[in-house]
Amino acid sequence: MRKFKFNDGGRGKHFPSKYKSDRTADCSIRAIAIATKQDYLKVMSEQFWLGLEMGRMPNDDKVVEAYLKTKGFVKQKTLKNGSRKYTVKNFPKSDVVLRVCNHLVYVSGDTIHDIWDCSSSAVGVWYVKEGE
């Protein structure tokens, strides 16, 4: 069973994040910053520029996938547990970026790194660092 750890990916160093109203649709930036151990603002800037080049919003799936690829991550097909999708809490891999319903989250070992506990969410595609 995985445990949840509150992790804003470094957003709090750059922007207000004390209140729930300070939260924004930044899950891809947050998850990638945590997964790559890069500064939140660096990931945000690079992802925004890539989105601009592609003519898409920075959190668009195609931009996220392209950006993860530049960081050495490879997209994997949905894993199933029989006929059902795995949830975040029982996903059999770790050190991965997981796509759940309209959300991206990073899982390291037995820990879910995010600003909310998405452990019950079903995992769609997922990304793993090439060679791991």
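Asp95 lies in the loop between β4 (84-85) and β5. The model is predicted. Phi of Asp95 is near 55°, a positive value in a residue other than glycine. Asp95 is partly exposed, at 31% relative accessible area. Elsewhere, helix α2 has nine of its ten residues buried, and α2 gives seven residues to the largest nonpolar core.

**Positive phi**

- Most residues other than glycine have a negative phi.
- Asp95 departs from that pattern, with phi near 55°.
- Asn102 is not a glycine either, yet its phi is positive, about 55°.
- Asn102 sits in the loop between β5 and β6.
- Asn102 is exposed, with a relative accessible area of 71%.
- Lys37 follows α2 and has a positive phi, near 60°.

**Nonpolar cores**

- In soluble globular proteins, nonpolar side chains tend to be buried together.
- The largest nonpolar core here holds 20 residues.
- Ile32, Val43, Leu68, Phe73, Val97 and Leu104 have the most contacts inside this core.
- At least two core residues come from each of α2 (27-36), α3 (40-54), α4 (61-70) and β6 (103-108).
- Of the contributors, α2 gives the most, with seven residues.
- A second core is separate and has 13 residues, including Val96, Val100, Cys118 and Val123.
- Phe73, from the largest core, touches Leu68 and Val97.
- Phe73 also touches Ala35, Thr36, Tyr127, Val128, Lys129 and Glu130, with residues up to four places away in sequence not counted.

**Helix α2**

- α2 is mostly covered, with nine of its ten residues buried.
- The buried residues are Cys27, Ser28, Ile29, Arg30, Ala31, Ile32, Ala33, Ile34 and Ala35.
- These buried residues pack against two helices, α3 and α4, and against strands β2 (73-76), β5 (96-100), β6 and β7 (111-114).
- Ile34 belongs to helix α2.
- Ile34 counts as buried because its relative accessible area is 11%, under the 20% cut-off.
- Beyond residues up to four places away in sequence, Ile34 touches Asn7, Gly9, Tyr106 and His113.
- Ile34 and Met44 are ten residues apart in sequence, and their C-alpha atoms are 12 Å apart in space.

**Packing of α2 with α3**

- Two packed helices are described by the angle between their axes and the distance between the axes.
- For α2 and α3, the angle is about 125° and the axes are 9 Å apart.
- That angle makes α2 oblique to α3.
- The crossing of α2 past α3 is right-handed.
- On the α2 side, the contact is made by Ser28, Ile29, Arg30, Ile32, Ala33 and Thr36.
- On the α3 side, Tyr40, Val43, Met44, Gln47 and Phe48 take part.
- By class, seven residues of this contact are nonpolar, three are polar and one is charged.

**Packing of α3 with α4**

- The axes of α3 and α4 cross at roughly 120° and come within 10 Å.
- This makes α3 oblique to α4.
- The crossing of α3 and α4 is right-handed.
- From α3, the residues in contact are Val43, Glu46, Gln47, Leu50, Gly51 and Met54.
- They meet Lys62, Val63, Val64, Ala66 and Tyr67 of α4.
- By class, the residues of the α3 and α4 contact are seven nonpolar, two polar and two charged.
- Val43 of α3 appears in the contact with α2 and in the contact with α4.
- Gln47 of α3 likewise takes part in the contact with α2 and in the contact with α4.

**After the last listed strand**

- Glu132 is found in the segment after β8 (123-129).
- Glu132 counts as exposed, at 65% relative accessibility.
- Glu132 and Gly12 are 120 residues apart along the chain, and their C-alpha atoms are separated by 30 Å.

How values were computed:
Residues are numbered from 1 along each chain as its sequence is written. This is a predicted model: local features need pLDDT of at least 70, side-chain atom pairs count only at pLDDT 80 or more; totals for chains, interfaces and linings use all residues. Side-chain values use heavy atoms; hydrogens and water are left out. A nonpolar core is a set of buried Ala, Val, Leu, Ile, Met, Phe, Trp, Tyr and Cys residues joined through side-chain atoms within 4.5 Å. Buried means under 20% relative accessible area, exposed over 50%, partly exposed in between (1.4 Å probe, protein chains only). Helices (H or I, at least four residues) and strands (E, at least two) are DSSP runs, numbered from the N terminus. Contact means heavy atoms within 4.5 Å. Axes are lines fitted to C-alpha atoms, for helices over the stretch in contact, and angles run from 0 to 180 degrees between N-to-C directions. Angles under 35 degrees count as roughly parallel, over 145 as roughly antiparallel, 65 to 115 as roughly perpendicular and the rest as oblique. A crossing is left-handed if the near helix is turned anticlockwise from the far one by less than a right angle, and right-handed if clockwise. Ala, Val, Leu, Ile, Met, Phe, Trp, Tyr, Cys and Pro count as nonpolar, Asp, Glu, Lys and Arg as charged, and the others, Gly among them, as polar.
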